[in-house]
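Please open the model in your viewer and keep the selection tool at hand. The tour below moves from one selection to the next and says what to look for at each stop.

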Amino acid sequence: VIVDAEEIDLLTGSLRSVFAEAGADVPRRLREFGWDDVAAADPGAATTLLFTEKGRALSSAALLDDAVLPLLRAGLPVSLLGGTDLVCYPYPGSGAGAAAGPSSTPLAVTGLLLRQPGPDERLVIPVADSGGVSLAVAPASAFTVTPVPSLDHEAGWYAVAGPTPATRYDGDAWADVVAAAHRALAAEITGAAERALELAVEHTSSRRQFNAPIAAFQAVRHRLADGYVAIAAARALLAASFGDVSGSATVAAAAAKARAGRAHQTVSATAVQVCGAMGATLEHPLHRYVNRGAVLDGLLGSSAELTAELGSMIRATVTSGGEIPLLVEVC
Amino acid sequence: MTDVNVDDHLVTDLHAYAAAVREFLASPAVDKWRGTYLDDDPEEMRFTAGLMRVLYDAGLGRYGMPVSAGGLGGDVRHWAVLFDELARAGITPAGQHSLLVTLAYPLAKFAPRLATEYLPEFLSGDGWWGQGFSESEAGSDLAALRCRARRQGDDYVISGHKIWTSHAETANRIFLLARTGTPESRHRGLSMILVDVDLPGVTVRPVKLASGRAELAECFFDDVRVPAGRLIGAEGEGWAVAMYLLQYERAAWAWLRAAVLLQRLRALTGLLSDGTAPAPAPGAAVDEVLGSVYLDLLALRARSVDTVRRLAAGQTVGPEASADKLLLGACEQSVYDAARSLLGPRFLFGDASRQWREEWWYSRTTTIYGGSAEVQRGIIADRVLKLPKE
């Protein structure tokens, strides 16, 4: 760890101000702050802090694009490196690991954008070919782009549909992109879960029934404690995924996101229950954290999908006589 | 706790230690412990005492303990490495190991003289000790315990009863938490004493779990005279010793169990694809169960590794370690519930699944012993989340 505990507190405070004040301007404010230097010094701490705070702030800034575009651009020709791009993520539930799959004829893009593209902006589209994933780059204006109706009204995501461009570039980085995105999303989901748990703690500590704060009742206390444990486990696994996981980075990242999604489910169920009817209203902020974590969980493989993928990997590993990746070693 | 022997790189280089252990465990000298399971706990303890001896003689079972206590130096991480390597070699860490990693450190800290005298027998497999904490009226509420130790001259005279003591039927000593203060003194009036099981007045009776296995025992103390020199820590310091001990239970013991549970996940996965009917056709439902167990294991290890490192660095582990304990209990039960649900009839019937059935019942106790899951949740609610008191 390069960034120490004291720095983490300072950076957390700075990020909270940025997210509180900047709105749609978050990426610019982060550049001014010099966040790139923090990320260069300690990528794990930087991703964890930035996306945890993003989740806590319910920011809809498309920071994930900024995190993964440098990896994608490594496969693109120099002539394509100018201008601004958006990443076209696979549309949740489309079953493909890429935004365009080989099964449809002609190849069609079914993707998702984290923000509305400007008129001159381009999309970087992962395309699943028989030989793996390749990349296509095309102006957003070549596609139908429409807002995505979802559980989370505030996410600000867009659906993309249209034919797949014929020209393809090297997409070997796609597995690393997914792993990086899994880690960032795990942090963001955990951040939303943390805030939901805090709201539940605040509500149950101040709300009185039967002449006592409702957090004094064991049935409530134990559920909140389980929420804390779920988040602690998710955070530990996320930290491990940034550690020395040579050869198992994609497994570690998928595990971190799966466990973050599960923690969010646990905390959401508890928070919605213990905040009572108030927590189920539009007036109370709880639903925003419940919804945000849920749609983030749906991106690039849900907790349930990733869990089954990991199980499949375990079965294949054991059948072939391999060693189950432990990800965490004491030395 | 580190007691560095500068000439021995295995003390300072954990990778080298891991490599040395791995090489040794590949030898036929340990073959008889590979994949071996015995129904009878006393028989198994005598069998695994041989493993302790072999590891001790090779030197590799002596790391993680100071030289003054019969070890070769190093810290608790050496044990974590040893447990991982044993599990990797298909050898379940010994019952002695699970007792040793919780009892040895408090003894070395609070009674170095006793550690010098007695820990070598524990390390070498010549003896092992029970942890005499719980009583029938003091389980989750440990500070209510009543077993008395009265000072008489140079001795303590012990009278009372302990229960749920693991491996006590074959243990030669008991790490006994007894009341030296007034009956109302709660945790302030407790003291830790190392009591020999062969003393007059000590009776040990095995307690069979629902599976029929007698891993636990109850111990009766009928005016047992123990020299005052057997005190671990000062009189009245027993609670502090017990809390110090619990840190190692949260860290080293949890790491040991995670190693064992990984072995069991591997065995279960192998059974599902060994072609023996009836087994469910592997598919997404099976994969989700296996993946979920795997995630529980990873989460436990990811959490424990920090706790192990903090202890190795001489730091204290706070109330947040209750999360480790809850994750361990959940993981234990998730492994065996997965075995039960995925093996179906193969779990319920037939001689081949005796071990699965026995361990399934044992796994039910993992959210009860060492401070029940309810107690751990209470600790988190009070001391971490700082909720209003019940």
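Begin by selecting B:Lys162, which is buried, with a relative accessible area of 0%; keep in mind throughout that the model you are looking at is predicted. Now add B:Glu135, the partner with which B:Lys162 forms a salt bridge, the closest N and O atoms being 3.0 Å apart. This pair links distant parts of the chain, since B:Lys162 sits in strand E3 (residues 155-166) of chain B, while B:Glu135 belongs to the loop between strand E1 (129-132) and strand E2 (148-152) of chain B, 27 residues apart. B:Glu135 is buried as well, with a relative accessible area of 6%.

Staying in chain B, select B:Glu121 and B:Arg173, which form a salt bridge whose closest N and O atoms are 2.6 Å apart. Here too the pair links distant parts of the chain, with B:Glu121 in helix H6 and B:Arg173 in strand E4 (residues 173-179), 52 residues apart. Are these two residues buried or exposed? B:Glu121 is buried at a relative accessible area of 17%, and B:Arg173 also counts as buried, at 9%.

Next, select B:Arg113 and B:Glu117, both of which lie in helix H6 (residues 112-124) of chain B, four residues apart, or about one turn of the helix. Their side chains meet in a salt bridge (3.8 Å, N to O). B:Arg113 counts as exposed at 51% relative accessibility, whereas B:Glu117 is partly exposed, with a relative accessible area of 47%.

Move now to chain A and select A:Gly13, which lies in helix H1 and is partly exposed, with a relative accessible area of 34%. If you add A:Glu53, you will find that the two are 40 residues apart in sequence and 9.5 Å apart in space, C-alpha to C-alpha. A:Glu53 also belongs to a network, joined by salt bridges that share partners, whose members include A:Arg16, A:Arg56 and A:Glu194.

In helix H1 (residues 5-22) of chain A, select A:Glu6, which is exposed, with a relative accessible area of 60%. Together with A:Asp4, A:Glu7 and A:Asp9, A:Glu6 gathers in a patch of negative charge on the surface.

Finish with helix H8 (residues 249-274) of chain A, where the 26 residues should span 38 Å at 1.5 Å a residue, which agrees with the 37 Å between the end C-alpha atoms. Following H8 in chain A, select A:Gly276, whose phi is positive, near 65°.

Methods
Residues numbered from 1 in each chain as written. Chains lettered and ligands numbered in written order. Predicted model: local features only at pLDDT ≥ 70, side-chain atom pairs only at ≥ 80, totals over all residues. Heavy atoms only, no water. Patch = residues over 30% accessible without salt bridge, like charges linked within 9 Å, V, L, I, M, F, W, Y side chains within 5 Å. Areas by Shrake-Rupley, 256 points an atom, 1.4 Å probe, with all protein chains shown as cover. Salt bridge = Lys/Arg side-chain N within 4 Å of Asp/Glu carboxyl O. Lys, Arg positive; Asp, Glu negative; His and termini not counted. Charge placed at Lys NZ, Arg CZ, Asp CG, Glu CD. Helix = DSSP H or I, 4+ residues; strand = E, 2+ residues; numbered from the N terminus. Buried < 20%, exposed > 50% of the residue type's maximum accessible area, 1.4 Å probe, protein only. Expected span 1.5 Å × (residues − 1).
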